[in-house]
Amino acid sequence: MNLDKIFNKSYVYILPTIIALAATTIFPFVYIIYLSVHKYDLRYVATRGITFLGAQNFVNVLQDPTFLASLRTTLIYIGGALLAEIVLGVLIAIFINTLPPSLSWLKSLVLTPMMLTPVAIATTFRLLYNYDYGLIGYFMQLVGLDKVAWLAGTNFARLAIILADVWQWTPLLALISLGALQAVPKAPLEAAEIDGAGLWQKLRYIVLPYVKPILGVGILIRFMDIAKFFDKIYVLTGGGPGTATETLTYYIYKTAFKFLKLGYGAALSLFVLFGMIVISLLIVRLTGAGEHIT
Amino acid sequence: MRKRVLFTGKLLIVLLLILWTLVPVGWIILNSFKSGAEITAYPPKFIFQPTLKNYFSVFQDPGFQKTFLNSFVVAVSNVLLVMIVGTLSAYGFSRFEVKGKKHILFWIISTRMFPPVVASVPFFIIFKNLGMLDTRFALIIAYITFNLPFVVWMMKGFFDEVPIELEECAKVDGANTFQAFYRVALPIVAPGLAATSIFTFILSWNEFLFALILVGRNAKTLPVHITEYLRWGEGIFWGDISATASVMLIPVLILALSVQRHLIRGMTFGAIKG
């Protein structure tokens, strides 16, 4: 009897999750705020301890040219990769939607890349991009182009990273766009047809309102993933040449775990987190993706 | 005539899509059956005498054996942990009126967005102070941050689709709420449980950043192992590298195909139901 009562309480089910997530996310978050206002240098922490800095770390971040450069690189990736993935994803979805059911295996095939281990995919692309024996260079020569040292120059290295990301993640946008297309009801479209609406009017007033929030979820997910982009850069270029392909995530990784400046790394993290939250909210507001998330 | 042009166009696009998807993965798997010199041959060799030499070399390497085992143990332990904890609370959120439920659920999904690199700084210090850097345990705990919110949202979606009447019937027959959960609801969502476990396994198996930062020689996982080859010099090791990459990719390929039906739900954390 007593046991029955306990099992009827919601917190019996929910509390373990709340505790686990509080311990693994809220606690680190608070700890990061603490670290960000201190000088915490792993090399000296045993001898000199931790010094309180106030807002000094944040002031330094804003004047840090490497931070600003990596912010710029991150924005280039977000702009380039996200745009390409949205356009290609929508086009692929529209195309797959017109195929007969007998070709549904094609859909399964096309969607597979997004599940695959990013590090292994990046390794594969490193082989494909290789100047001396890479397959991409070979194909370029076959069609009469010159080989390119993909990973050596700033622009080509960035393009190479974006291409590898587009290869892996366009399927996600295609999958979500397919879902969005199937959510558009047929009846209003037919009614509009009878009333003499043009293609543009149908797209603007019937298709878009259904598609936008669903596509918004995809854009939001991809934005957040590209903002924390790391694996492919680590494998393909290691941030190089120089620091040309370094993202914010990569810079934080280097600051904290190569230069061992954990306090400064924490301050950088807070900037990134803040920026991500602001842009995410903006995406949710603009696309109406909120109806699917909450 | 116009119809034929359209058909040819479609066929071309289909071929292009197949090639675009298959070539990168196919190429690394193909290369894993070549000898080292054949991989770095130019022009690239498409016809060659296949060999299992790379696989023998990789599987006999104690470094690979250890990292493979680590990857597997970490992923499976994490899946078990988050599935048990997460499924319970998913049921709680699906079946109970909880004060501020909407806010709590939003908080849970927002932790999924917490960038790993941000979490890695405090995790590193905490595990260092606890003397638990370079242990599988550190990774199993770190992976909670992205897998637990995922399980809660996925499983809540699956429970929401089960009519509550079935459990009410069981309760009339004298079952308590936990028995109704365990005996009635859980078997119904079994396919969802399987799909969610597979997704969480893949997410753990694929994870790189936490593994790079939190563990070293002892608890190293496969993704970190493969990047070390590349650091030593890619030219000499391509045989081993392609075999290792294939060993990482093939299980994921099989698992991914088995969750096709739940893909959209899984990739959007249950936000969009397919």
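In this predicted model, helix H6 of chain A passes helix H1 of chain B in a left-handed crossing, where left-handed means that the near helix is turned anticlockwise from the far one by less than a right angle, and clockwise would make it right-handed. H6(A) covers residues 104–111 and H1(B) residues 2–31; the two pack at an angle of about 35 degrees, with their axes 9 Å apart. Helices here are DSSP runs of H or I with at least four residues, numbered from the N terminus. Axes are lines fitted to C-alpha atoms, for helices over the stretch in contact, and angles run from 0 to 180 degrees between N-to-C directions.

On the H6(A) side the contact is made by Leu106(A), Leu109(A) and Val110(A), and on the H1(B) side by Val14(B), Leu17(B), Ile18(B) and Thr21(B). Contact means that the C-beta atoms of two residues, placed from the backbone, lie within 7 Å. By class, this contact has 6 nonpolar residues, 1 polar and no charged ones. Ala, Val, Leu, Ile, Met, Phe, Trp, Tyr, Cys and Pro count as nonpolar, Asp, Glu, Lys and Arg as charged, and the others, Gly among them, as polar.

A second pair also links the chains. The axes of H2(A) (residues 10–36) and H8(B) (residues 144–160) come within 10 Å and cross at roughly 150 degrees. That makes H2(A) roughly antiparallel to H8(B), a word used for angles over 145 degrees, while those under 35 count as roughly parallel, 65 to 115 as roughly perpendicular and the rest as oblique. The crossing of H2(A) and H8(B) is left-handed. Thr17(A), Ala20(A), Leu21(A), Thr24(A) and Thr25(A) of H2(A) meet Ile144(B), Thr145(B), Leu148(B), Pro149(B) and Val152(B) of H8(B). The classes here are 6 nonpolar, 4 polar and no charged residues.

For the interface as a whole, 77 residues of chain B are in contact with 71 residues of chain A. The side of chain B that touches chain A divides into 60 nonpolar, 15 polar and 2 charged residues.

Now for the core. The largest nonpolar core has 149 residues, and those with the most contacts inside it are Leu175(A), Ile176(A), Leu236(A), Leu139(B) and Leu214(B). Such a core is a set of buried Ala, Val, Leu, Ile, Met, Phe, Trp, Tyr and Cys residues joined through C-beta atoms within 7 Å. Its largest share, 14 residues, comes from helix H9 (residues 154–183) of chain A. Leaving out residues up to four places away in sequence, Leu214(B) touches Phe123(B), Phe124(B), Phe127(B), Leu133(B), Ala138(B), Leu139(B) and Ala142(B).

A residue is buried if 20 or more other C-beta atoms lie within 10 Å of its own, exposed if 12 or fewer, and partly exposed in between. Of the 9 residues of helix H10 (residues 186–194) of chain A, the number buried is 0, so H10(A) lies largely in the open. Gly196(A), whose phi is positive and near 85 degrees, follows H10(A).

Here are some individual residues and their surroundings:

| Residue | Other C-beta atoms within 10 Å | Class |
|---|---|---|
| Asp231(A) | 24 C-beta atoms | buried |
| Asp134(B) | 17 C-beta atoms | partly exposed |
| Leu260(A) | 15 C-beta atoms | partly exposed |
| Ala41(B) | 14 C-beta atoms | partly exposed |

Asp231(A) has its place in helix H12 of chain A. Apart from neighbours within four places in sequence, Asp231(A) is in contact with Pro118(A), Val119(A), Ala122(A) and Phe208(B). Its C-alpha atom is separated by 9.2 Å from that of Tyr250(A), 19 residues apart along the chain.

Leu260(A) has a positive phi of about 60 degrees although it is not a glycine, and is found in the loop between H13 and helix H14 (262–287) of chain A. Asp134(B), not a glycine, has a positive phi of about 60 degrees, in the loop between helix H6 (116–129) and helix H7 (136–142) of chain B.

There are cis peptide bonds to look at too. One joins Gly240(A) and Pro241(A), with omega about 0 degrees; Pro241(A) lies in the loop between H12 (231–236) and H13 (248–257) of chain A. Another joins Tyr42(B) and Pro43(B), with omega about -5 degrees; Pro43(B) lies in the loop between H2 (36–39) and H3 (53–59) of chain B.

Residues are numbered from 1 along each chain as its sequence is written, and chains are lettered from A and ligands numbered from 1 in the order in which they are written. As this is a predicted model, local features need pLDDT of at least 70 and side-chain atom pairs count only at pLDDT 80 or more, while totals for chains, interfaces and linings use all residues.
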